[in-house]
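Biologist: Could you take me through one part of this model up close, and tell me how that part sits in the rest of the chain?

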Amino acid sequence: MRTTNIARCGWLTLLLLLAGHALAQANLEVNTPAIAALQGSMQTRFTVLAPFYGNGAVGLTRDGFVELRDVNAVPLAQRQQINGIVAAENQDRTALYREIARANGKPEWENDIRATFAQRWINKAQGGWYFQNNAGAWTRK
Amino acid sequence: MRSLTVYAGLASALLLQGCVTINIYFPAAAAEKAADKIIDEVWQLKKSIEPAAPSSTSPQAK
């Protein structure tokens, strides 16, 4: 009797472990204070960047960053700031990819996460925005 | 009977380790889901709270 109980207990443990395992793979951890802070900073910056995505001054690169691709599309008054804005955005993006990898205990995933984001940024970009295709050429969506 | 407990313990330990080793591969689908969630918020593609703010303040203005 007791042996069967122990055996059952063992199976239950195995099942729970398997379930936990499956659950761990279903989602990536993104709810950390560091990730939330980066997200907030990028969201605020988006109000400044949005017109530049729209007029093609700034485009989405194929490696998950943004790039100033047409400085002539930036109004004179903002030309001095635009480089700083693009640099700050890329800094946040680098930190975001690293933080997601770290939050999941897999720092070595950073490049895979960046590649995933690169695809998703482009996929979710609005019509008219510019992005780099697989060959690196600027393309209008 | 004691050996059975030992075996069960050993089995769970092995399985736990299996989890650690199996998890090395990159979970592409999960990463895509996580990316979509973050991008939606950064680019505000799913607005839910924002429209409520102007409508609640406009009656006060009058």
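Modeller: Sure, let's go for H4(A), bearing in mind that this is a predicted model. At 1.5 Å a residue, the 15 residues of H4(A) should span 21 Å, and its end C-alpha atoms are indeed 21 Å apart, so the expected and modelled lengths agree.

Now for what H4(A) tucks away. Its buried residues are Ile113(A), Arg114(A), Thr116(A), Phe117(A), Ala118(A), Arg120(A), Trp121(A) and Ile122(A). The cover over them comes from both chains: it includes strand S1 (58–60), H3 and strand S3 (130–132) of chain A, along with helix H2 (28–42) of chain B. For context, 24% of the 141 residues of chain A count as buried.

Step back to the loop that links helix H3 (79–103) to helix H4 (110–124) of chain A, and you'll find Glu108(A) there. Glu108(A) has just 9 C-beta neighbours inside 10 Å, and a residue with 12 or fewer is classed as exposed, so Glu108(A) counts as exposed. Gly54(A) lies 54 residues away from Glu108(A) along the chain, and 34 Å separates their C-alpha atoms.

As for the wider setting, chain A has 4 helices and 4 strands, and they follow the order α-α-β-β-α-α-β-β from the N terminus. If you take the contacts in chain A between residues at least 6 apart in sequence, 54% of them join residues at least 24 apart.

How values were computed: Residues numbered from 1 in each chain as written. Chains lettered and ligands numbered in written order. Predicted model: local features only at pLDDT ≥ 70, side-chain atom pairs only at ≥ 80, totals over all residues. Helix = DSSP H or I, 4+ residues; strand = E, 2+ residues; numbered from the N terminus. Buried ≥ 20, exposed ≤ 12 C-beta atoms within 10 Å, placed from the backbone. Contact = placed C-beta atoms within 7 Å. Expected span 1.5 Å × (residues − 1).
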